[in-house]
Amino acid sequence: MSDIEIRRATESDLPAIVAMLADDPLGATRESPDDLTPYRAAFEALDSDPQQHLVVAVRAGQTIGTLQLTVIPGLSRRGATRSIIEGVRIHRDERGGGLGTQLIEWAVAESRTLGCQMVQLTSDATRIDAHRFYERLGFAASHLGFKLPL
């Protein structure tokens with residue numbers, strides 16, 4: 001996997017990122033790759049916030065993976081800073097080849113570098129394969145998550 005570059009995403013990566021977000025049963029119902037307007041606005045907000053790290057994995061000029069790492073200072077756990085991994089996606093042609101592991105390992109290492117004491121993530125309850133993947137990487141399913149659409 002030494003031919004993979006993990007770098008900060010640019011606006012030119014948006015079409016590939018959104019296509020990966022939409023390329024699964026859940027994403028197909030909530031993403032709109034034909035209209036990048038709302039994604040451009042979200043990208044501008046992410047790109048201007050130093051606590052947000054939207055990255056892509058690139059091979060031979062092709063964007064083949066992505067994730068968002070958010071750093072959150074907090075008071076709990078004696079003022080611990082934590083990071084949250086969100087929006088992990090691997091291009092369908094690259095799944096099962098180790099890129100997901102490489103991206104998560106990058107996020108954990110970057111979290112350490114940024115002074116985080118904990119890394120968190122959530123995964124939709126229906127993504128059983130993803131749960132096994134995260135557990136294999138050392139994550140524990142320690143909490144029950146809740147969401148309230150607004």
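Is alanine 60 buried or exposed?

1. Alanine 60 counts as exposed, at 76% relative accessibility. The structure discussed here is a predicted model. In this model, alanine 60 is placed in the loop between strand 2 and strand 3. The hairpin formed by these strands has 2 residues between them. The phi of alanine 60 is near 50 degrees, which is a positive value in a residue other than glycine. Most residues other than glycine have a negative phi.

2. Arginine 78 also deserves attention for its backbone. Its phi is near 65 degrees, again a positive value in a residue other than glycine. Arginine 78 belongs to helix 4, which spans residues 76-79. With a relative accessibility of 86%, arginine 78 counts as exposed, because the cut-off for that class is over 50%.

3. The sheet may be taken next. It is an open sheet of 5 strands in the order 1-2-3-4-5, and its pairing is mixed. Strand 1 and strand 5 (118-121) stand at the edges, where each has a single partner strand, so one side of each is left without a neighbour in the sheet. From one strand to the next, the twist averages 30 degrees.

4. Strand 2 can be followed through its two pairings. With strand 1, strand 2 pairs in the antiparallel sense over 4 bridges. Across this pairing, arginine 7 stands opposite valine 56, and arginine 8 stands opposite valine 55. With strand 3, strand 2 pairs in the antiparallel sense over 8 bridges. Here valine 55 stands opposite leucine 67 of strand 3. Strand 2 is mostly covered, as 7 of its 8 residues are buried.

5. One helix should be described together with the sheet. Helix 5, comprising residues 99-113, lies across strand 1, strand 2, strand 3, strand 4 (82-90) and strand 5. Its direction is at about 30 degrees to strand 3.

6. Serine 83 offers a view of the surroundings of strand 4, in which it is found. Serine 83 counts as buried, at 0% relative accessibility. Leaving aside neighbours within four places in sequence, serine 83 is in contact with Leu69, Thr70, Val71, Ser111, Cys116, Met118, Val119 and Gln120. Glutamine 68 and serine 83 are 15 residues apart in sequence, and their C-alpha atoms are 9.9 Å apart in space.

7. Helix 3 shows two distinct sides. The helix covers residues 37-48, 12 residues in total, and reaches 17 Å from its first C-alpha to its last, close to the 16 Å expected at 1.5 Å a residue. Its buried residues are Tyr39, Phe43 and Leu46. These residues cover an arc of only 65 degrees around the axis, which puts them on the same side of helix 3. On the other side, Thr37, Glu44 and Ser48 are exposed. The cover over the buried residues of helix 3 includes strand 1 (5-8), helix 1 (14-22), strand 2 (52-59) and strand 3 (62-72).

8. The aromatic residues form the final topic. How many aromatic pairs does a search of the whole structure find? The search finds 2 aromatic pairs. One of them joins tyrosine 134 and phenylalanine 139 in an edge-to-face arrangement, with 6.1 Å centre to centre and 75 degrees between the planes. The pair is classed as edge-to-face because the angle between its planes is over 60 degrees. Tyrosine 134 is buried, with a relative accessible area of 11%, and phenylalanine 139 is buried, with a relative accessible area of 17%. Ring pairs link Phe133, Tyr134 and Phe139 into a cluster.

Definitions and conventions
Residues are numbered from 1 along each chain as its sequence is written. This is a predicted model: local features need pLDDT of at least 70, side-chain atom pairs count only at pLDDT 80 or more; totals for chains, interfaces and linings use all residues. Side-chain values use heavy atoms; hydrogens and water are left out. The expected span of a helix is 1.5 Å times one less than its number of residues. Buried means under 20% relative accessible area, exposed over 50%, partly exposed in between (1.4 Å probe, protein chains only). The arc is that of the directions from the helix axis to the C-beta atoms. Contact means heavy atoms within 4.5 Å. Rings of Phe, Tyr and Trp (its six-membered ring) pair if their centres lie within 6.5 Å; planes under 30 degrees apart count as stacked, over 60 as edge-to-face and the rest as tilted. Two strands pair if DSSP finds at least two bridges between them. Axes are lines fitted to C-alpha atoms, for helices over the stretch in contact, and angles run from 0 to 180 degrees between N-to-C directions.
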